[in-house]
Amino acid sequence: MNLNVLMERGITGVMQTAARFYFGSDKGRAFIAKILPEIHKSAKLRKKHEQAGTHVPPFLIASIASQCNLRCTGCYARAGGGCGNLEAADDLSASEWEAVFSEAAGLGVSFILLAGGEPLTRPDVVKAASGFPNIIFPVFTNGTMMNDEYLGLFDLHRNLIPIISIEGDADATDRRRGGGVYAQAEAVMARLKEKNMLFGISVTVTRENVHIVTSDTFLSEQRDNGCGLVFFVEYVPVTEGTKELVLRSHDIYMLEENVAALKKRFSDMIIISFPGDEEAMGGCLASGRGFFHINSQGGAEPCPFSPFSTHNLKANSITEVLQSPFFRELREITANAGPHKGGCILFDRKEQVQSLL
């Protein structure tokens, strides 16, 4: 129950920050007024299921697309086989994703992070998500496909929150994502700011950029750009030959210290560090403890960095996934892992995870 209390406090903090961001916007205030009662209602549903013996996490991660228009260096989705190597025809249909969202809403899930591949290659699924105003959908996108139609959809349905992926400045972003990508991301952010829409950025933190992206200067620039959310994601070496990008112990310490300081200095922004913030939650949140990952073909995986599954949402319910022996054993592994600084516990124990399949 301590975990539930901590997560509820975190959700409350996120909503308070969003309310401050939208204080001067009519559409924003209307969104906050509608979503807050739904957030409380979902918390009560999760508590009800907890009392009945099933822990329902408030978050899910849904990789709704197996295709992407970019080839970013070190992409975990592509390296793990969840992007580019699959046939799009085998991905869950929009109606199947709609069924997943509906079940999640009924269980009390409050946030579903939409990822890929590039999620904007699936306008049918993004539109389906917009029909669940009681769930907040952060949409992690490279921004290059954010056209007028998408901007209109996100403006009309504020529960869809665009999260633009960048790597720091233009040089760092284009070096990893391709020439001109940063300029396109900046143009999208300018249009979102013009419409007074809450949006965020997602930054993969590596040994190369950790000093830059956790600086006051970088955060100030992003806030000036209109950004209200920042996700710091520690780089996991899923691609061979990229271990030199992994944060060392002193880099992780600096990341933790800087993020803690940034949260105090930029209290009007939502700043989340993954998996760094898990330490405050008593350890790894994967395998249904705080979230789990659904790949584009419906496979229920503990997290994006541990792409293994025994259940599929085409045939199994979310409840069956949460109660599965596989997830239960994974939660035991992470609970007994002992002190862990930086990186992904399950990624580091890949062979042990695979032995359970």
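1. Accessible areas here come from the Shrake-Rupley method with a 1.4 Å probe, and for residues only the protein chains shown count as cover. By that method the protein chain has an accessible surface of about 15400 Å², and carbon and sulfur atoms hold 53% of that.

2. A word on what you are looking at: this is a predicted model, where local features need pLDDT of at least 70 and side-chain atom pairs count only at pLDDT 80 or more, while totals for chains, interfaces and linings use all residues. Residues are numbered from 1 along each chain as its sequence is written, and side-chain values use heavy atoms, with hydrogens and water left out.

3. Now the overall form. The C-alpha trace spans about 45 × 45 × 40 Å along its principal axes. Its radius of gyration, taken over C-alpha atoms, is 19 Å, which agrees with the value near 21 Å for a compact globule of 357 residues (the rule is 2.2 Å times the number of residues to the power 0.38). The protein chain holds 15 helices and nine strands; these are DSSP runs, helices being H or I with at least four residues and strands E with at least two, numbered from the N terminus.

4. What share of the 357 residues counts as buried? The figure is 51%, where buried means under 20% relative accessible area, exposed over 50%, and partly exposed in between (1.4 Å probe, protein chains only).

5. Helix α4 is a good place to stop. Residues 94–107 form this helix, and its 14 residues reach 20 Å from first C-alpha to last, close to the 20 Å expected at 1.5 Å a residue (that is, 1.5 Å times one less than the number of residues). Its buried residues are A94, W97, V100, F101, A104, A105 and L107. They lie on the same side of α4 because they cover an arc of only 160 degrees around the axis, judged by the directions from the helix axis to the C-beta atoms. After α4 comes G108, with a positive phi near 105 degrees.

6. The largest nonpolar core has 103 residues, and I112, F154 and F232 have the most contacts inside it. α4 gives the most to this core, seven residues. Such a core is a set of buried Ala, Val, Leu, Ile, Met, Phe, Trp, Tyr and Cys residues joined through side-chain atoms within 4.5 Å.

7. Finally, compare two helix residues. T173 in α7 (residues 170–177) counts as buried because its relative accessibility is 0%, whereas Q184 in α8 (residues 181–194) counts as partly exposed at 36%.
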